[in-house]
Amino acid sequence: MEETIGVEETSGALGAGQLARQPTREIPRQRGDQLLDSAVRYAEERHWDVFPGTWLEVVGSGEKCSCDRLDCAAPGAHAAGPDWAAQATGSAVEARALWSKRPTASVLLPTGRTFDALDVPESAGCLALARMERTKVTLGPVTCTPDRRMLFFVLPGAALKTDALVRGLGWAPGALDLVARGEGHYVAAPPTRVGGRGAVQWARRPTVANRWLPDVEELIRPLTYACGQQAATERARHT
């Protein structure tokens, strides 16, 4: 069963290396009350801007994205139109009104406003997360997606600095699967579900303790190292 995401709760966060996935046949229908409550909490408790995206519609025994594209890359979990940035709100009252109109809409968070996100493969993210915890690096919230990605929330401005920081550590940015999402991008927030693949989950939940986000400089070394390890593994596989 999908759990209700309490923004200030600390229990239930997934451990590094233990990011379980539900089999597709066991994934429940998207619950509008969870989505509405989560959107309101993100705006009210974290002061994050939120906006409703697409949603999943029941078709026979299956589901499809409300965008009606048969080749939709993120069913029920992407912006509904090009004007999404203007729809984003940091008001809990407005968020409640938006999701009251469309209770099953995905919960999307624009980056580049109150946070940026460092997007890495799940395997690299787990390695980096374990390393950060051992060395007591200050962490912000971290999500994991059904597409096996992990996103580390950091202070805004990270997207403008990441390539230079990666070069400073001896890597060409294009050689690593590390993407900084800033202004003009957005991320899907828990408990948004991506088609039949599963729901976005918290690997590290938003709490009082991580209200102040780290700067990209604090996380870039372990993330670059982990992504470099993965890149080396991939090269070895193909030789």
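**Close-up views of a pocket and a buried aspartate**

**View 1. The lining of the largest pocket in this predicted model.** Eighteen residues, written here as 18, line the largest pocket, and Thr145, Asp147, Tyr186, Val187 and Ala188 are the ones that lie nearest its centre. Two elements give two or more residues each to this lining: strand S7 (149-154) and strand S9 (186-188). Of these, S9 gives the most, with three residues.

**View 2. Space and chemistry of the largest pocket.** If you are thinking about volume, the largest pocket holds about 370 Å³ of space. Sorted by class, its lining has 10 nonpolar residues, along with three polar and five charged ones.

**View 3. Asp49 in its loop.** Now we turn to a single residue. Asp49 sits in the loop that runs between helix H1 (32-45) and strand S1 (51-52). Is Asp49 buried or exposed here? Asp49 counts as buried because its relative accessibility is 18%, and the cut-off for buried is under 20%.

**View 4. Polar partners of the Asp49 side chain.** Which side chain makes a polar contact with the side chain of Asp49? That partner is Arg113, at 2.7 Å. The Asp49 side chain also reaches a backbone atom, the nitrogen of Gly90, at 3.3 Å.

**View 5. The wider surroundings of Asp49.** Leaving aside residues up to four places away in sequence, Asp49 touches Ala88, Thr89 and Gly90, as well as Leu108, Leu109, Pro110 and Arg113. Two residues in this set, Gly90 and Arg113, are the partners shown in the previous view.

Key: Residues are numbered from 1 along each chain as its sequence is written. This is a predicted model: local features need pLDDT of at least 70, side-chain atom pairs count only at pLDDT 80 or more; totals for chains, interfaces and linings use all residues. Side-chain values use heavy atoms; hydrogens and water are left out. On a 1 Å grid over the protein atoms alone, a cavity is a set of points where a 1.4 Å probe fits but cannot get out, and a pocket is an open set with protein on both sides within 12 Å along at least five of seven lines; lining residues have an atom within 4 Å of a point. Grid points are joined across faces, edges and corners, and a volume is the space filled by probe spheres set on the points. Helices (H or I, at least four residues) and strands (E, at least two) are DSSP runs, numbered from the N terminus. Ala, Val, Leu, Ile, Met, Phe, Trp, Tyr, Cys and Pro count as nonpolar, Asp, Glu, Lys and Arg as charged, and the others, Gly among them, as polar. Buried means under 20% relative accessible area, exposed over 50%, partly exposed in between (1.4 Å probe, protein chains only). A polar contact is a pair of N or O atoms within 3.5 Å; within protein, one must be able to donate a hydrogen and the other to accept it, and residues adjacent in sequence count only if both atoms are side-chain atoms. Contact means heavy atoms within 4.5 Å.
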